[in-house]
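I opened a fresh page for this one and wrote down what I looked up as I went. The entries follow the order in which I checked things.

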Amino acid sequence: MSEAIWWAPGEAEVRVAATDSTIPVAHALPPTGLIYSARMQGHEMRDSDGVFTQFYEALRLPDYFGWNWDALRDCLRDLHWISATHFLLTIDDADAVLSENPEERETLFQALNDATKFWAGRPDLPGQEKATFDVVLLCPSDVQEEMRRELRV
């Protein structure tokens, strides 16, 4: 197993890591605050219904969630129903996510990238801890670079 080098606090980007990567726990946890960690299964996300179901269940999305890409984008920028200041989304088998539908896969990756940038760009407010939002896509090491290229599109 290799030590993951993807964790760099302050960077607003979706990270790709090999399934056999490890990181020291001190690098994975925020220095203070409540963390909400959601782990989703990429092999259950082969179509958009599977994607929406995994996000709905993992993030406890509200009943008004519209089961479409715009609704997912909106929810990823809100999350007020979760009492946390740090969010970590992990998708196992990320290479399987929408693998047969490149257009929707690009839409999902763009939504995740937009959400990380949104949370990183929120201003620091006096008396409030700045919220963080991180996404990690876990995949076999032989497809890591391909997934990184897809994220940059």
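**Entry 1: a bridge pair.** I picked L88 and looked for its bridge partner in β6, which turned out to be D134. L88 belongs to a pair of strands, β5 (residues 86–92) and β6 (residues 132–139), that run parallel and are joined by 6 bridges. A reminder to myself: this is a predicted model.

**Entry 2: the other neighbour of β6.** I then went to β2, which also runs parallel to β6, with 4 bridges joining the two. I checked A17 here, and its bridge partner in β6 is L138.

**Entry 3: the whole sheet.** In what order do the 4 strands of the open sheet come? I read it as β2-β6-β5-β4, with parallel pairing. The edges are β2 (15–18) and β4 (35–41), and each of these pairs on one side only. From one strand to the next I got an average twist of 20°. A general point for the margin: strands of a sheet pair through backbone hydrogen bonds, either parallel or antiparallel.

**Entry 4: side chains of β2.** Which residues of β2 point one way and which the other? I noted R15 and A17 on one side, V16 and A18 on the other, and all of them are buried. That fits the general rule that side chains in a regular strand alternate between the two faces of the sheet.

**Entry 5: helices on the sheet.** Next I looked at what lies on the strands. Helix α2 (residues 48–58) lies across β4 and β5, and I got about 150° between α2 and β4. Helix α5 (residues 144–151) packs on the sheet too, touching β2 and β6, and its direction makes about 170° with that of β2.

**Entry 6: α2 with α3.** I stayed with α2 and checked how it meets α3. Their axes are 11 Å apart and the packing angle is about 25°. The cut-off for roughly parallel is under 35 degrees, so α2 and α3 are roughly parallel to each other. I logged their crossing as left-handed. From α2 the contact uses S48, V51, F52 and F55, and from α3 it uses W69, L72 and L76. Sorted by class, I have 6 nonpolar residues, 1 polar and no charged ones in this contact.

**Entry 7: α3 with α4.** I followed α3 (residues 69–76) over to α4 (residues 102–121), where the axes come within 9 Å and cross at roughly 20°. That makes α3 roughly parallel to α4. The crossing here is right-handed. On the α3 side I listed W69, L72, R73 and L76, and they meet a set in α4 that includes E104, T107, L108, D114 and W119. By class, this contact has 8 nonpolar, 1 polar and 3 charged residues. I noticed that W69, L72 and L76 of α3 turn up here and in the contact with α2 as well.

**Entry 8: a loop residue.** Last, I looked up E129, which lies in the loop between α4 and β6. Is E129 buried or exposed? I put E129 down as partly exposed, because its relative accessible area is 36% and the partly exposed class sits between 20% and 50%. What does E129 touch, apart from its neighbours within four places in sequence? I found T32, G33, T85 and H86. G33 is 96 residues away from E129 along the chain, yet their C-alpha atoms are separated by 7.6 Å.

Key: Residues numbered from 1 in each chain as written. Predicted model: local features only at pLDDT ≥ 70, side-chain atom pairs only at ≥ 80, totals over all residues. Heavy atoms only, no water. Axes fitted to C-alpha atoms, helices over the stretch in contact; angles between N-to-C directions. Parallel < 35°, antiparallel > 145°, perpendicular 65-115°, else oblique. Left-handed = near helix turned anticlockwise from the far one by under 90°. Contact = heavy atoms within 4.5 Å. Nonpolar A, V, L, I, M, F, W, Y, C, P; charged D, E, K, R; others polar. Pairing = 2+ DSSP bridges. Buried < 20%, exposed > 50% of the residue type's maximum accessible area, 1.4 Å probe, protein only.
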